[in-house]
Amino acid sequence: MNQVRRGYLYGIAAYTLWGFFPLYLRLLRPAGPIEILAHRVIWSVLFVALLLAVLRNWRFLGELRRRPGKLAGTGIAAALIAVNWGTYIYGVNSERVVETALGYFINPLFVVLLGVAVLRERLRVGQWVALGIGGLAVGVLTVDYGRLPYIALTLAASFGGYSLVKKRLGLPAAGGMFVESAALALPALGYLGWLTWHAESTFGQVSVGHTVLLMLAGAATATPLLMFAGAANRLPLTALGMLQYLAPILQLGFGVLVFHEPMPPARLAGFALVWLALVVFTVDGIRNVRRSRAAALLAATPEPAAATAVR
């Protein structure tokens with residue numbers, strides 16, 4: 001199997017697992033969102049630590065100790081991913097799976113907006129059009145919900161910010177996840193201890209199956225992330241960008257077809273505008289990649305040799 005095909009398999013597996021995550025989180029009831037988040041952090045630390053021990057790959061810790069700026073950046077990444085995880089868990093377990101799917105649909109548009117605001121990037125016309133349609137979609141959905149779709153916007157903003165910080169840090173997937181989870185481990189342990197002290201913890205109190213599912217939160221978190229890293233190392237960015245829509249499509253399907261969340265006409269219209277924005281955004285990105293490749297190929301082509309002078 002060649003590396004590109006392996007990359008597609010990793011990418012499809014990662015986004016499919018993320019797409020099925022609402023089903024897993026529903027099984028963790030009656031644990032509350034913060035308790036689930038705390039278990040996700042603790043078991044992620046243990047799972048990734050075991051993985052790094054098997055691989056004997058701890059060198060990144062020495063680099064972090066020598067670079068306090070990068071260590072501080074890891075703390076920011078940890079805070080952003082905690083907000084993202086907590087918001088997602090709350091959305092799924094408060095019957096708002098459709099809104100969480102919306103957050104990951106609009107995430108690519110938010111990343112572009114972040115590039116303009118933070119990195120001072122210049123946008124192409126197609127990107128501006130996509131952002132305009134996306135803004136209109138948020139307006140339509142605000143009218144439909146009677147409020148801003150704050151869960152979707154929080155998910156898009158937190159994951160977009162997390163992606164930006166991670167891009168600048170350049171840490172390996174497993175190592176970065178270990179440090180981020182470790183940074184959150186102390187408050188997570190404190191919260192779980194507080195729940196136990198007040199006899200409000202569900203861990204070990206509901207059933208053996210529930211306890212095992214909570215313990216598997218680390219593996220459920222790390223496995224798709226590591227598969228995503230494998231895909232990112234083997235696939236071009238355009239291919240990875242197309243695969244990313246698989247997760248929110250599955251989440252939307254579960255929200256509407258399995259959990260029977262409402263999808264009135266106005267909400268469907270808002271989603272349709274989001275999808276139109278993503279089509280414009282994706283087509284513009286593909287065209288830009290093709291133009292860049294054509295320009296690079298033209299630049300690499302040697303000029304025709306001068307005609308030999310006639311003696």
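**Exercise 1. Find the helix that holds T74 in this predicted model, decide whether T74 is buried or exposed, and list the residues that T74 touches.**

Solution. Begin with the position along the chain: T74 lies in helix α5, which covers residues 68–93. Next, take the relative accessible area of T74, which is 2%; buried means under 20%, so T74 is buried. Finally, leaving aside residues up to four places away in sequence, the contacts of T74 are L64, L169, L171, V179 and E180.

**Exercise 2. Work out which residues of the salt bridges R26–E261 and R29–E95 are buried or partly exposed, where each pair sits, and which network they belong to.**

Solution. Start with R26 and E261, whose side chains meet in a salt bridge at 4.0 Å, N to O. This pair links distant parts of the chain, with R26 in helix α2 (residues 21–26) and E261 in the loop between α13 (246–258) and α14, 235 residues apart. Both R26 and E261 are buried.

Turn then to R29 and E95, which form a salt bridge with their closest N and O atoms 2.9 Å apart. Here R29 is in the loop between α2 and α3 (33–55), while E95 is in the loop between α5 and α6, and the two are 66 residues apart. R29 has a relative accessibility of 34% and therefore counts as partly exposed, and E95, with a relative accessible area of 41%, is partly exposed.

For a further pair, consider E99 and R147, whose salt bridge has its closest N and O atoms 2.9 Å apart. E99 is in helix α6 and R147 in the loop between α7 and α8 (150–169), 48 residues apart. At 1% relative accessibility E99 counts as buried, whereas R147, at 25%, counts as partly exposed.

To finish, put the partners together: salt bridges that share partners join R26, R29, E95 and E261 into one network. A search of the whole structure finds 6 salt bridges.

**Exercise 3. Describe the second largest pocket by its volume, its lining residues and the elements that give two or more of them.**

Solution. The second largest pocket holds about 180 Å³ of space. Its lining is made by I106, L109, F110, L113, L131, G134, G135, V138 and L153. The elements that give two or more residues to this lining are α6 (97–117) and α7 (125–145).

**Exercise 4. Locate V4 and state which nonpolar surface patch it helps to make.**

Solution. V4 has its place in helix α1, residues 3–19. With a relative accessibility of 41%, V4 counts as partly exposed. Together with Y8 and I12, V4 makes a nonpolar surface patch of about 250 Å².

Definitions and conventions: Residues are numbered from 1 along each chain as its sequence is written. This is a predicted model: local features need pLDDT of at least 70, side-chain atom pairs count only at pLDDT 80 or more; totals for chains, interfaces and linings use all residues. Side-chain values use heavy atoms; hydrogens and water are left out. Helices (H or I, at least four residues) and strands (E, at least two) are DSSP runs, numbered from the N terminus. Buried means under 20% relative accessible area, exposed over 50%, partly exposed in between (1.4 Å probe, protein chains only). Contact means heavy atoms within 4.5 Å. Patches are made of residues with over 30% relative accessible area and no salt bridge: like charges are joined within 9 Å, nonpolar side chains (Val, Leu, Ile, Met, Phe, Trp, Tyr) within 5 Å. Accessible areas come from the Shrake-Rupley method with a 1.4 Å probe; for residues, only the protein chains shown count as cover. On a 1 Å grid over the protein atoms alone, a cavity is a set of points where a 1.4 Å probe fits but cannot get out, and a pocket is an open set with protein on both sides within 12 Å along at least five of seven lines; lining residues have an atom within 4 Å of a point. Grid points are joined across faces, edges and corners, and a volume is the space filled by probe spheres set on the points.
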